[in-house]
Amino acid sequence: MITRKRFAVGLCALFAALSTGLAPTVAYAADDPDDSGTAEGGAKPKVELVLDVSGSMRARDIDGKSRMAAAKQAFDEVLDATPKDVELGIRTLGANYRGDDRRTGCKDTEQLYPVGPLDRRDAKTAVATLSPTGFTPIGPALLKAADDLEGGEGSRRIVLISDGEDTCQPLDPCEVARTIAAKGINLTIDTLGLVPNTRMRAQLSCIAEATGGTYTSVRHTDELTDRVGQLVDRAADPVVNPVAVTGADRCSAAPELKPGLYSDRAGFGEHRWYRVDVARGKELRASVSVGADRAVNNDYGVLLRAVTEHDREIVRGSEAGDGRTDVISTGLRHPEPERDDDAADDEETVCLQVSHSYSPAAGAAAKGKPGLPVELAVDVVDAPDGSSDVAAFGLGRGWWLLGALVLTGFVGGVLWGWLARWRVAVWRTN
């Protein structure tokens, strides 16, 4: 009995020792930086939801109810979940004019709820009064929405929900979106289509890609709710605006990049080159994302290469996809190279080459210009000490776990041997 009690005490001590060995995980977690933040410069982000209330929204083809009913339900849920630091407004198109005069109907856009601090009850009440009515003046509505969002330094986003093409040509909504983008007012237009219509998809995609936004096809109410909510939440995220840059066709003519975020466009079959100076004792880290903002063929990839000025490859990163995503990313890390202590150069020039293997889908060859959007992130950090760079062995912060496993095996072996000897002794005694 006494021997069994001693064994139990020893086992508890083992568990206590292992628990102590696991303690560093808490310390690591506490050391993680706080990711929370606000919009750049403290300016509040602004979002305006632009809702199509034209007569076609009466159609009952979304989960057994009308498109308008699905939109109202989605708006109610999104308004409940809107972050406090987002200034939100609502604009309608085709909500008031019931006649047949096209000229009058194409002016039918109204700000239902002003952009500003959100009163959820008032906003919901305003949405509840809507009834599908008239034309689809998307172009005029976008122009007015851009005016609604003027002023301030925070991010600005228009979320357009529609079930059909603009019926007020020749004011082409794609040209309207390009005009808005050309103003350089940091305004993004995201579009959501409620009907799987090819022509509508082409128009809404064109509007979105002109301002760096996204197009989403929606077939169900919960999809609409989730997507609108994501876009509103995205506006509240801290914003880092990429700097526009134009890559060259060779390293010697490439623009020099400092640490930061950059945007460019790379056409089908093009290679873009950039240069980064890496000082002694520093390490280069870079990543690139290429988006498909138009119809492309399946099976594609992106390649990021770091080479010397003499075209010797240092390291590369690559990734491939098969049509299930519209953005593909990769990255690389270039540790400080070994240099002689008496080397004359304190800096090394690294050339970054970006290329992708997207190809236009059938019938989209004429849309080769402008190229696909490219976002390049560059950072130059202090190089880790050789002795402390445990990641080089593939263990990272796993050293403590390895030590705990070794200790567990040793203690377990000792206890097992002691228990075996005790059992043999008892057997011999009996």
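Start by selecting strand β2, residues 87-93, in this predicted model. Show the side chains and look at which way they point. Glu87, Gly89, Arg91 and Leu93 go one way from β2, while Leu88, Ile90 and Thr92 go the other way. This is a pattern you can expect: in a regular strand the side chains alternate between the two faces of the sheet.

Are the residues of β2 buried or exposed? Seven of the seven are buried, so the strand is largely enclosed by the rest of the structure. Residues pointing either way from β2 are buried, charged-looking names like Glu87 and Arg91 included.

Next, keep β2 on screen and add strand β1, residues 46-52. The two strands pair in the parallel sense, with seven bridges between them. To see one of those bridges, click on valine 50 and find arginine 91 in β2, its bridge partner.

Now hop over to the helices. Select α3 (residues 67-81) and α5 (residues 120-128). Two packed helices are described by the angle between their axes and the distance between the axes. Here the axes come within 10 Å and cross at roughly 175°. That angle makes α3 roughly antiparallel to α5.

Which residues of α3 and α5 meet? On the α3 side, pick Lys72, Phe75, Asp76, Leu79 and Asp80. On the α5 side, pick Arg120, Ala123, Lys124, Val127 and Ala128. Colour this contact by class and you get five nonpolar residues, five charged ones and no polar ones.

Your next stop is an open sheet of five strands. Trace it in the order β7-β8-β15-β10-β13, and note that the pairing is mixed. Which strands sit at the edges? They are β7 (243-244) and β13 (327-334), each of which pairs on one side only.

Zoom in on the β7 edge. Strand β8, residues 260-266, runs parallel to β7, and two bridges join them. Select alanine 244 and you'll find serine 263 of β8 standing opposite.

Finally, zoom out to the whole protein. How many helices and strands are there? You can count ten helices and 15 strands. Of the 430 residues, 41% count as buried. Switch on the surface, and you are looking at about 23,200 Å² of exposed area, with carbon and sulfur atoms supplying 52% of it.

One last thing to try is drawing contacts between residues at least 6 apart in sequence. Among those, 75% join residues at least 24 apart.

How values were computed. Residues are numbered from 1 along each chain as its sequence is written. This is a predicted model: local features need pLDDT of at least 70, side-chain atom pairs count only at pLDDT 80 or more; totals for chains, interfaces and linings use all residues. Side-chain values use heavy atoms; hydrogens and water are left out. Axes are lines fitted to C-alpha atoms, for helices over the stretch in contact, and angles run from 0 to 180 degrees between N-to-C directions. Helices (H or I, at least four residues) and strands (E, at least two) are DSSP runs, numbered from the N terminus. Angles under 35 degrees count as roughly parallel, over 145 as roughly antiparallel, 65 to 115 as roughly perpendicular and the rest as oblique. Contact means heavy atoms within 4.5 Å. Ala, Val, Leu, Ile, Met, Phe, Trp, Tyr, Cys and Pro count as nonpolar, Asp, Glu, Lys and Arg as charged, and the others, Gly among them, as polar. Buried means under 20% relative accessible area, exposed over 50%, partly exposed in between (1.4 Å probe, protein chains only). Accessible areas come from the Shrake-Rupley method with a 1.4 Å probe; for residues, only the protein chains shown count as cover. Two strands pair if DSSP finds at least two bridges between them.
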